[in-house]
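Reader: I should like to go through this structure and ask, for each term applied to it, on what grounds the term is used.

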Amino acid sequence: MRARGALIVAALLLCAGCAAPSTAPGDASPDASIATASAGTTPTAAPVPAPTGTLRAGESWLTVGVAEDQPGGVYLPQAPAGGTDDYRCFVVDPHVAASSFITGVAFIPGNPHVVHHSILFRVAPAQASAARAKDAADPRPGWECFGGPGLPATSTNPIDNLDAAPWLAGWAPGGKENVFPTGYGVPLDAGSLIVVQMHYNLRHASGAEAADSTHIRLRVTEKPLSPLSTMLLPAPVELPCPAGASGALCTRGTAVDDVVRRFGPDSRRLIGGLQLLCGGDFTNPVSGPTQSCTRTVRKPVTVRAAAGHLHLLGRSITIVANKGTARERTILSIPVWDFDNQSARPLAKPLPLQSGDTVTVTCTHDPGLRKLLPELQGTPDRYVVWGEGTTDEMCLGILITS
């Protein structure tokens with residue numbers, strides 16, 4: 001995979017914090033959306049609630065918004081290529097003058113009716129000009145960014161380039177404020193920027209109804225802390241149509257072409273690349289409701305929290321360390337997947353992993369849910385592969401490590 005193709009593996013998220021969720025200061029309720037403007041006027045963003053959480057010694061609040069420089073303080077999502085999903089990246093400047101650490105993250109979705117998920121990427125000072133250039137090159141606010149922000153590669157190894165713009169945090173339905181354990185934080189060097197990737201699903205809203213003014217409230221400290229990072233564990237999705245279903249999209253090749261039409265040629269590279277990464281067959285992958293992938297740990301880490309990410313056809317997900325050995329340990333087990341509760345789950349006891357240990361993510365999807373869920377009503381049966389859209393699917397394990 002190319003560097004950007006590797007970054008596409010990061011296109012999803014859920015809450016990427018590493019402490020038990022607390023009550024999020026200013027979390028928006030489903031009804032706390034953008035004030036709808038009358039015809040011919042610009043929608044106006046709702047006020048951002050003041051923080052109510054208690055700061056720890058040395059912490060301060062920092063709030064950034066995706067559309068603070070736009071008319072009315074809102075962004076109007078538009079789905080490209082005749083699809084229903086808009087992935088948009090916005091550059092925000094935290095104005096960090098000294099090397100700092102992020103110690104907590106709270107997302108305040110401006111329009112929960114259309115915000116599917118959001119990911120924050122750290123942009124090192126050396127990458128700042130590239131991020132600004134991508135922003136300036138697109139006539140609309142921000143830029144289209146299926147997968148990741150698409151910043152220049154920093155290594156010839158595609159896996160290393162998952163860190164070309166490392167994750168800072170993320171949000172998906174059910175996510176609350178994540179306050180990292182005392183003594184730990186995500187490093188943010190002086191002069192760094194943040195890219196906020198927003199995934200908007202526009203199946204049930206458009207125009208002014210879809211206007212968004214998402215904000216992110218960060219806890220920041222200049223105290224030296226132990227750094228946290230994110231390990232991504234993707235697995236393929238190869239889900240056939242349910243028994244008895246027919247149609248053009250029930251053919252794998254046609255379904256893959258449809259994903260590529262909506263999200264670009266990197267999608268095809270990702271679908272094939274996941275087979276190569278996970279020991280599958282590039283041209284004739286094994287299909288079925290359950291798929292898995294085993295990765296080898298490249299350097300010692302301690303797992304402190306875990307999360308999973310699937311879409312609406314998801315049934316279950318597990319993450320298991322050293323599966324099939326005497327040292328097997330379940331890191332995450334969600335036997336009944338709930339799309340509306342994707343918060344990271346702290347481990348009761350942090351798990352050290354050594355170089356050479358393995359981590360296996362396994363997901364089960366159910367094509368029959370397409371007929372049962374209101375969100376998917378009216379969508380045609382299809383062979384489902386990894387795709388960026390809400391009506392496509394993913395299988396992603398996420399480990400928060402130190």
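**Strands, helices and salt bridges**

Author: The model is a predicted one. Strand 2 (residues 85-92) and strand 9 (residues 193-201) are paired in the antiparallel sense over eight bridges.

Reader: What makes strand 2 and strand 9 a pair?

Author: Pairing requires at least two bridges between the strands. Strand 2 and strand 9 have eight bridges, so they count as a pair. One position can be named: Phe90 has Val196 of strand 9 as its bridge partner. Both strands belong to an open sheet of five strands in the order 5-2-9-4-6, where the pairing is antiparallel.

Reader: Why are strand 5 and strand 6 called edge strands?

Author: Strand 5 (143-144) and strand 6 (167-171) each pair on one side only.

Reader: Which strands form the open sheet of four, and what is their order?

Author: The order is 12-21-15-18, again with antiparallel pairing. Its edge strands are strand 12 (229-234) and strand 18 (345-353), each with pairing on one side only. On average, neighbouring strands of this sheet are turned by 35 degrees against each other, direction ignored. Strand 15 (residues 301-309) is joined to strand 18 by five bridges, and the two run antiparallel. Within that pairing, Ala306 has Arg345 of strand 18 as its bridge partner.

Reader: How do you know that strand 16 is largely enclosed by the rest of the structure?

Author: A residue is buried when its relative accessible area is under 20%. Six of the eight residues of strand 16 (residues 314-321) are buried, and the strand is therefore described as largely enclosed. Strand 16 pairs with strand 19 (residues 358-365) in the antiparallel sense over seven bridges. Five bridges also join strand 16 to strand 17 (residues 329-334), again antiparallel. Ala321 takes part in both pairings: it stands opposite Val359 in strand 19, and its bridge partner in strand 17 is Arg329.

Reader: Why is helix 3 called oblique to helix 4?

Author: Two packed helices are described by the angle between their axes and the distance between the axes. Helix 3 and helix 4 pack at about 135 degrees, with their axes 7 Å apart. An angle over 145 degrees would count as roughly antiparallel and one of 65 to 115 degrees as roughly perpendicular, so an angle in neither range, nor under 35 degrees, is oblique. Helix 3 is accordingly oblique to helix 4.

Reader: Which residues make the contact between helix 3 and helix 4?

Author: Helix 3 contributes Arg252, Val256, Asp257, Val259, Val260 and Phe263, while helix 4 contributes Ser267, Arg268 and Ile271. By type, these residues divide into five nonpolar, one polar and three charged.

Reader: What makes Val256 buried?

Author: Its relative accessible area is 6%, and buried means under 20%, so Val256 is buried. Val256 is found in helix 3. Neighbours within four places in sequence aside, Val256 is in contact with Arg268, Ile271 and Val385. The C-alpha atoms of Val256 and Arg268 are separated by 7.0 Å, although the residues are twelve apart along the chain.

Reader: How do you know that Arg252 and Glu238 form a salt bridge?

Author: The closest N and O atoms of Arg252 and Glu238 are 2.8 Å apart. The cut-off is 4 Å, so the pair qualifies. Arg252 lies in helix 3 (residues 252-263) and Glu238 in strand 13 (residues 238-239), so the salt bridge ties together parts that are 14 residues apart in sequence.

Reader: Are Arg252 and Glu238 buried, or what else are they called?

Author: Arg252 has a relative accessibility of 22% and counts as partly exposed. Glu238, at 1%, is buried.

Reader: Where do Arg269 and Asp266 lie?

Author: Both lie in helix 4 (residues 266-277), three residues apart, about one turn of the helix. They form a salt bridge, with the closest N and O atoms 2.9 Å apart. Arg269 is partly exposed at 33%, whereas Asp266 is buried at 4%.

Reader: Which residues are joined into one network by salt bridges that share partners?

Author: The network consists of Asp258, Arg261, Arg262, Arg382 and Asp392. Within it, Asp258 and Arg262 meet in a salt bridge of 3.0 Å, N to O. Both residues are buried, and both lie in helix 3, four residues apart. The whole structure has 15 salt bridges.

Definitions and conventions: Residues numbered from 1 in each chain as written. Predicted model: local features only at pLDDT ≥ 70, side-chain atom pairs only at ≥ 80, totals over all residues. Heavy atoms only, no water. Salt bridge = Lys/Arg side-chain N within 4 Å of Asp/Glu carboxyl O. Buried < 20%, exposed > 50% of the residue type's maximum accessible area, 1.4 Å probe, protein only. Axes fitted to C-alpha atoms, helices over the stretch in contact; angles between N-to-C directions. Contact = heavy atoms within 4.5 Å. Nonpolar A, V, L, I, M, F, W, Y, C, P; charged D, E, K, R; others polar.
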